[in-house]
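This report looks at the aromatic rings of one chain and at what sits around them.

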Amino acid sequence: MAAQCNVSRSVFADRFQSTIGMPPLRYATELRMLLAGQWLAQDTLSVQSVAQRLGHTSQAAFSRAFKRVTGQPPGASRHTGRR
């Protein structure tokens, strides 16, 4: 994205953070986990399927990332969304 904006990565990251309020990678990670939470709560997709959709190579790596961002494991998100 920085190249498309004709700026360096550091300039892009600084501008992104000042505009959005968080670094670009954190924003992308939180957005991906928001999508994952929605898929788990609303769809009948397995945790493994959601992990694959988001490009994670393993369910364990996805589960760790999901818990780090949301504070709960993917399975708990699935149960919370169906109440």
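## Two rings on one helix

Helix 1 spans residues 9-20 and carries both Phe 12 and Phe 16. Four residues separate them, about one turn of the helix. Both side chains are buried. The model is a predicted one.

Phe 12 and Phe 16 form an aromatic pair. Their centres lie 5.9 Å apart, with 40° between the planes. The pair is tilted, because planes count as tilted when they are neither under 30 degrees apart nor over 60.

## A link to helix 2

Phe 16 also pairs with Tyr 27. Here the ring centres are 5.6 Å apart and the planes stand at 70°, so the pair is edge-to-face. This contact links distant parts of the chain. Phe 16 belongs to helix 1, whereas Tyr 27 belongs to helix 2, residues 24-42. The two residues are 11 apart in the chain.

Buried or exposed: which describes Phe 16? Phe 16 has 15% relative accessibility, so it counts as buried, the limit being under 20%. Tyr 27 has a relative accessible area of 36%, so it is partly exposed.

## The cluster and the count

Taken together, ring pairs join Phe 12, Phe 16 and Tyr 27 into a cluster. The structure holds three aromatic pairs. Among them are the tilted pair of Phe 12 and Phe 16 and the edge-to-face pair of Phe 16 and Tyr 27.

## A charge over a ring

One more ring has a charged partner. Arg 53 lies over the face of Trp 39. The distance to the ring centre is 4.7 Å.

Note on methods:
Residues numbered from 1 in each chain as written. Predicted model: local features only at pLDDT ≥ 70, side-chain atom pairs only at ≥ 80, totals over all residues. Heavy atoms only, no water. Phe/Tyr/Trp six-rings, centres within 6.5 Å; stacked < 30°, edge-to-face > 60°. Buried < 20%, exposed > 50% of the residue type's maximum accessible area, 1.4 Å probe, protein only. Lys NZ or Arg CZ within 6 Å of the ring centre and 35° of its normal.
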